[in-house]
Amino acid sequence: MFSSRFILICLVGILCTDPLGANNPPPAQAPEKNEPAEPPLTFSWVHVDGPYIAMSFDDGPSEKLTPKLLDVLAAHHVKATFFVIGQNATEHPEIVARAAREGHEIGNHSWSHPNFGKMSDDGIRRELQKTDDVILSATGAHPILLRPPYGSITSRQKKWINQEFGYKIILWDVDPLDWKRPGPVAVCNRIVKNTRAGSIVLSHDIHPGTIEAMPATLDQLGAKGFKFVTVSQLLAMAVPETPKPLPTENKNAPAAGAAPSPKSTISSPPPGQ
C-alpha cells in the first residue's frame, strides 16, 4: 500500500514540474540554406569602376542617316550598340553588316516596334525570332541583347524571353527625347548633362538632329573623361556596389533607455549617388 502511494506521488511530481515535456529542449532544426540570388535580367545603368558609358541607337537602320552616324563614330573611335528594327534591317542588311564589321554591337528591337506589354507571347515570339534571323543573316551572329519598344515589358515576359532567346533586357538612364526633334543643341546638352559613369544613353539613328548632335556630344563627353564601350562590354565591367557605411558608434551616447540629447543624436550619411 505504501509503495503504491509513493509511486503515485512521484508521477504527480513529474507531471507538475514538466507538463507534456514543456521543459524539454526543442529538436534541433537544420540551418536554412542560402539560395543563390538570380542574376538580373534588366539593365538601365551599370555600376562600374571607371568612367565607362555605352551609347545606344534605336529604330534603324536608316538608309541615309545610319551610314552618316557610322562615319561620325569611326572618326571619334567610338563603339556603340544599335538596337535595330527587323523591318528596317531586312531592307538594309548591308548597313547592319557594316556596323557589326566596324565593331559595333547589334541588338534586337523587335520586327515592327509594337508594345510588348499588350501582346500575346506568340506575337512577341514572332517579332523577336524574325528580327533575330535577319541579324544573324547580316552579321553571322545571334544578338544577345533586347531593347523592348517603348521600354514596355512585363516581369513574366522578361523571364521567358531570357529562357528562350538568352536575351538580357536593356533599358536606359539617359534619354534626350530626341524623337521629339528638339534640335541638335538640345540633344547634345541633355546627354552631356545627365550622363554619369555606367550610363546607358538612348538616342535614335532615324532623326537628322540626332546625327547632327553626335560630333559635339561625343567631343564633350570625351572632354569630361568618359570612355565609350558597347552595352555588352559595359555589363561585363559591372562590379558590386559598396554597401553604405553604418553610422559610427558614438561613445557619448546615453545608456540604453535614456532619451538622447540633440548633441548625441547620430545621423546617417547622405545616400550615395
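These legends accompany several close-up views of a predicted model.

**View 1. The largest nonpolar core and its best-connected members.** This core holds 34 residues, and Met55, Phe57, Leu73, Phe82 and Leu221 are the ones that touch the most other members. At least two residues each come from β2, α2 (65-75), β3 (81-84), α4 (93-101), α5 (121-139), α7 and α8 (208-223). If you centre on leucine 221, you will find Ile53, Met55, Ile191, Val192, Thr195, Phe226 and Phe228 in contact, leaving out residues up to four places away in sequence. Another core, of 12 residues, lies apart from the largest one, and its members include Leu145, Ile200, Val229 and Leu235. As background, nonpolar side chains in soluble globular proteins tend to be buried together.

**View 2. A buried salt bridge across the chain.** Here the side chains of aspartate 58 and arginine 147 come together in a salt bridge, with 2.8 Å from N to O. The partners come from distant parts of the chain, 89 residues apart: aspartate 58 belongs to strand β2 (residues 52-58), and arginine 147 to the loop between β5 (145-146) and α6 (155-165). Are these two residues buried or exposed? Both aspartate 58 and arginine 147 are buried. The bridge is one of seven found in a search of the whole structure.

**View 3. A salt bridge between two loops.** Arginine 196 and aspartate 173 meet through their side chains, at 3.2 Å from N to O. Arginine 196 sits in the loop between α7 (184-194) and β7 (200-204), and aspartate 173 in the loop between β6 (168-170) and α7, so this salt bridge ties together parts that are 23 residues apart in sequence. Arginine 196 is partly exposed, its relative accessible area being 27%. Aspartate 173 is also partly exposed, at 25% relative accessibility.

**View 4. A salt-bridge network of Asp71, Arg98 and Glu102.** Shared partners join Asp71, Arg98 and Glu102 into one network of salt bridges. Within this group, look for glutamate 102 and arginine 98, whose closest N and O atoms are 2.7 Å apart. Glutamate 102 has a relative accessible area of 26%, so it is partly exposed.

**View 5. Aromatic rings, and a charge over one of them.** The model has two aromatic pairs. In one of the pairs, the ring centres of phenylalanine 165 and tyrosine 167 are 5.2 Å apart and the planes meet at 20°; planes under 30 degrees apart count as stacked, so this pair is stacked. Phenylalanine 165 and tyrosine 167 are both buried. Tryptophan 160 offers another ring to look at: the charged end of arginine 125 sits over this ring, 4.6 Å from its centre.

**View 6. Lysine 158, a buried lysine in a helix.** Lysine 158 is part of helix α6. Why does this residue count as buried? Its relative accessibility is 19%, and buried means under 20%, so lysine 158 falls within the buried class. Setting aside residues up to four places away in sequence, lysine 158 touches Leu41, Thr42, Ile153 and Ile169.

**View 7. Isoleucine 95 and a cis peptide bond.** Isoleucine 95 is found in helix α4, and its relative accessibility of 7% makes it buried. Beyond its neighbours within four places in sequence, isoleucine 95 contacts Pro61, Ser62, Glu63, Thr66, Pro67 and Leu70. One of these partners, proline 61, lies in the loop between β2 and α2. The peptide bond leading from glycine 60 to proline 61 is cis, with omega near 5°. You can also use alanine 138 as a landmark: its C-alpha is 8.7 Å from that of isoleucine 95, while the two residues are 43 residues apart in sequence.

**View 8. Two loop residues with positive phi.** Which residues other than glycine are shown here with a positive phi? Histidine 113 has a phi of about 60°, and tyrosine 150 has one near 65°. Histidine 113 belongs to the loop between β4 (105-108) and α5, where its relative accessibility of 21% counts as partly exposed. Tyrosine 150 belongs to the loop between β5 and α6. With a relative accessible area of 58%, tyrosine 150 is exposed.

Definitions and conventions
Residues are numbered from 1 along each chain as its sequence is written. This is a predicted model: local features need pLDDT of at least 70, side-chain atom pairs count only at pLDDT 80 or more; totals for chains, interfaces and linings use all residues. Side-chain values use heavy atoms; hydrogens and water are left out. Rings of Phe, Tyr and Trp (its six-membered ring) pair if their centres lie within 6.5 Å; planes under 30 degrees apart count as stacked, over 60 as edge-to-face and the rest as tilted. Buried means under 20% relative accessible area, exposed over 50%, partly exposed in between (1.4 Å probe, protein chains only). A charge sits over a ring if NZ of Lys or CZ of Arg is within 6 Å of the ring centre and within 35 degrees of the ring normal. A salt bridge is a side-chain nitrogen of Lys or Arg within 4 Å of a carboxyl oxygen of Asp or Glu. Helices (H or I, at least four residues) and strands (E, at least two) are DSSP runs, numbered from the N terminus. A nonpolar core is a set of buried Ala, Val, Leu, Ile, Met, Phe, Trp, Tyr and Cys residues joined through side-chain atoms within 4.5 Å. Contact means heavy atoms within 4.5 Å.
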